[in-house]
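Trainee: Could we go through this structure together, asking at each step how a label is earned?
Mentor: Gladly, let's put it up and begin.

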Amino acid sequence: MQSPTEFVRHQVTSSESKSNLKSLLARNGSKASLSSLEEVEEQVVISPPKKNRRRRVMVLLTGGTMAMRATGKNGSLEPAAGYLAEQMRSMSELRDAKMARIQYEVIEYEPLLDSADMCPGDWSTIAKDVATHHDNYDGFVVILGTDTMAYCASALSFMLEGLSKPVILTGSMVPFCEAHSDARRNLILSLIFAAGLVGHVRYHHTPPEVLIFFHDRLLRGSRASKMDALGLAAFDSPNFPPLATVGVSIRDNFEKAMSDTHHISSHYYNGCSAMLKMETRIVVVRVVPGFHDAALAACFASPSLKAVVLELYGTGTAPSRRRKLIGALQVAAQNNVLVVATTQCRHGGVIMDTYAVGQALLEVGVISGHDMTIEAAATKLAYLFGKYPDDPDQVRRLFSTNLRGELSPPEVYTRPFFEDSLYPSLSSSPITLQEDHSAAAAHAHADDVPPLPIPLSST
């Protein structure tokens with residue numbers, strides 16, 4: 001099992017800072033680091049909320065392309081401490097009068113990681129930091145690499161219990177050092193969404209969910225996948241519409257988000273907490289024509305294995321003539337290994353009883369992954385087994401329960417077309433970056449700032 005990284009944190013810049021960047025760069029590896037975010041905040045004057053106050057956003061910088069610069073003769077990219085802070089201090093956009101309504105603080109993790117090196121223990125560090133400072137900020141931005149961003153977003157969706165602030169994950173495909181970088185746009189829009197300065201006249205803030213903002217869309221974290229290895233629109237949500245799209249104006253779909261967010265309501269709200277124990281004895285197996293059943297049986301026979309996510313064909317079908325496959329699945333059941341059937345298709349979901357082979361899978365204990373992404377299915381299993389390590393029946397029951405908006409009722413994806421009543425259209429009128437007018441909202445603020453006008457740019 002990959003060990004979690006031992007992070008230390010540095011405050012590297014903020015909307016108030018003028019000199020801490022120079023201090024960081026001057027340190028140049030002196031390891032004069034801060035061991036906790038509590039120590040970081042001792043250096044930051046936190047004013048109590050007041051009328052017309054600015055929105056407070058904590059930015060957690062964990063690594064990724066946005067924090068990289070070209071080094072060496074071949075121009076290869078490497079994480080560089082303080083580099084993002086240097087770029088942010090020089091961004092005129094962040095000094096704009098509209099953006100000045102956001103009071104941000106950037107906390108840089110050390111070491112900065114490529115997202116391929118991040119593991120569930122590192123997700124736990126992020127979740128703990130968000131939960132610890134949840135009530136002191138209006139929102140959070142987490143900057144990381146794109147390769148495992150969807151896994152991190154899905155995991156945080158489950159790990160953060162009682163979340164009532166938006167947590168926006170973002171990054172970039174092109175580093176700041178390139179003229180055509182997408183880093184600036186992704187960072188600025190993520191700050192705006194995290195600050196809650198976007199909202200429909202009825203639904204007043206960015207939904208209190210874990211979300212991904214990338215390129216031109218805001219996606220539910222537990223529904224997102226990386227779809228393009230090279231394109232700037234790298235992420236999409238195959239079975240759920242974007243919660244907002246950004247062009248000249250911003251069009252939101254927050255009404256849908258508010259209707260099926262499963263976080264604790266304000267009436268029962270007891271604060272945000274992080275469930276930090278994630279089970280890692282889970283594997284994903286993609287079934288291909290002609291695969292060897294014995295290899296699968298050997299996998300299922302492992303005494304340390306807790307669950308397997310099987311990527312099957314179409315609506316959850318597998319070879320019907322392969323009796324040894326059913327035998328291998330029986331081995332899994334005998335060893336208390338939970339097997340989940342998902343589809344290799346990007347759109348649609350699993351319907352186990354469509355074909356006889358699906359019914360046979362059900363009879364040996366395989367359960368449906370519905371229309372969940374692989375990222376959501378794997379991290380949901382990790383979360384549930386971590387939370388209920390001695391109660392596999394509870395894990396089995398809750399896996400098929402919609403906890404964070406990660407799955408749809410079967411009637412949604414069994415119909416030939418998505419209907420407006422199920423997936424509200426994004427064709428609503430453009431909305432403004434505005435203040436909150438509802439003190440009754442669970443995460444509303446009576447002392448909000450004035451609206452930001454649209455369009456975001458002029459022609």
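**Reasoning from values to labels**

Mentor: Let's start in strand β5 (residues 102–113), where P111 is found. The model is predicted, and its peptide bond from E110 to P111 is cis, with omega near 5°.

Trainee: What makes a cis bond worth pointing out?

Mentor: Most peptide bonds are trans.

Trainee: Which residue in the loop between β9 (210–214) and β10 (217–220) should I look at?

Mentor: Look at H215, whose place is in that loop. H215 has a positive phi of about 65° although it is not a glycine. Another such residue is H370, with a positive phi of about 55° and likewise not a glycine. H370 sits in the loop between β19 (367–368) and α11 (374–387).

Trainee: And why mention the sign of phi?

Mentor: Most residues other than glycine have a negative phi.

Trainee: Is H215 called buried or partly exposed, and why?

Mentor: Its relative accessible area is 27%. Buried means under 20% and exposed means over 50%, so H215 is partly exposed.

Trainee: Why is H370 called buried?

Mentor: H370 has a relative accessible area of 14%. The limit for buried is under 20%, so H370 counts as buried.

Trainee: How much of the protein chain is buried?

Mentor: Buried residues make up 56% of its 459 residues. The chain has 13 helices and 19 strands. Of the contacts with a separation of 6 or more, 76% are between residues 24 or more positions apart. The chain exposes about 19800 Å², and carbon and sulfur atoms supply 52% of that area.

Trainee: Now the helices. How do you know how α8 is oriented relative to α9?

Mentor: Two packed helices are described by the angle between their axes and the distance between the axes. Here the axes of α8 (residues 293–300) and α9 (residues 323–334) come within 8 Å and cross at roughly 5°. Angles under 35 degrees count as roughly parallel, so α8 is roughly parallel to α9.

Trainee: Which residues meet there?

Mentor: From α8 there are D293, L296, A297 and F300, and they meet K324, L325, A328, L329, V331 and A332 in α9. By type, the residues of this contact divide into eight nonpolar, no polar and two charged.

Trainee: What does V285 in strand β16 touch, leaving aside its neighbours within four places in sequence?

Mentor: V285 is in contact with L296, V308, V309, L310 and E311. L296 is one of the α8 residues that meet α9. The C-alpha atoms of V285 and A341 are separated by 10.0 Å, with their positions 56 residues apart along the chain.

Trainee: Why is V285 not called buried?

Mentor: Its relative accessible area is 22%. Buried requires under 20%, so V285 is partly exposed.

Trainee: And what makes L398 buried?

Mentor: L398, in helix α12 (residues 392–399), has a relative accessible area of 10%. That value is set against the limit of under 20%, so L398 is buried. Leaving aside neighbours within four places in sequence, L398 is in contact with K380, L384, Y388 and L403.

Trainee: How do you know that K226 and D147 form a salt bridge?

Mentor: Their closest N and O atoms are 2.7 Å apart. The cut-off is within 4 Å, so the pair qualifies. K226 lies in strand β11 (residues 225–226), D147 in the loop between β6 (139–143) and α5 (149–159), and they are 79 residues apart.

Trainee: Are the two partners buried or partly exposed?

Mentor: K226 is buried at 19%, while D147 is partly exposed at 49%. The limits are under 20% for buried and over 50% for exposed.

Trainee: What about E311, which V285 touches?

Mentor: E311 and R286 meet in a salt bridge at 3.0 Å, N to O. The pair joins strand β17 (residues 307–312) to strand β16 (residues 282–286), 25 residues apart. E311 counts as buried at 11% relative accessibility, and R286 as partly exposed at 48%. Salt bridges that share partners also join D216, R217 and D236 into one network.

Trainee: How many salt bridges are found in the whole structure?

Mentor: A search finds 13. One more to look up is R281 with E279, at 2.8 Å from N to O.

Methods: Residues numbered from 1 in each chain as written. Predicted model: local features only at pLDDT ≥ 70, side-chain atom pairs only at ≥ 80, totals over all residues. Heavy atoms only, no water. Axes fitted to C-alpha atoms, helices over the stretch in contact; angles between N-to-C directions. Helix = DSSP H or I, 4+ residues; strand = E, 2+ residues; numbered from the N terminus. Parallel < 35°, antiparallel > 145°, perpendicular 65-115°, else oblique. Contact = heavy atoms within 4.5 Å. Nonpolar A, V, L, I, M, F, W, Y, C, P; charged D, E, K, R; others polar. Salt bridge = Lys/Arg side-chain N within 4 Å of Asp/Glu carboxyl O. Buried < 20%, exposed > 50% of the residue type's maximum accessible area, 1.4 Å probe, protein only. Areas by Shrake-Rupley, 256 points an atom, 1.4 Å probe, with all protein chains shown as cover.
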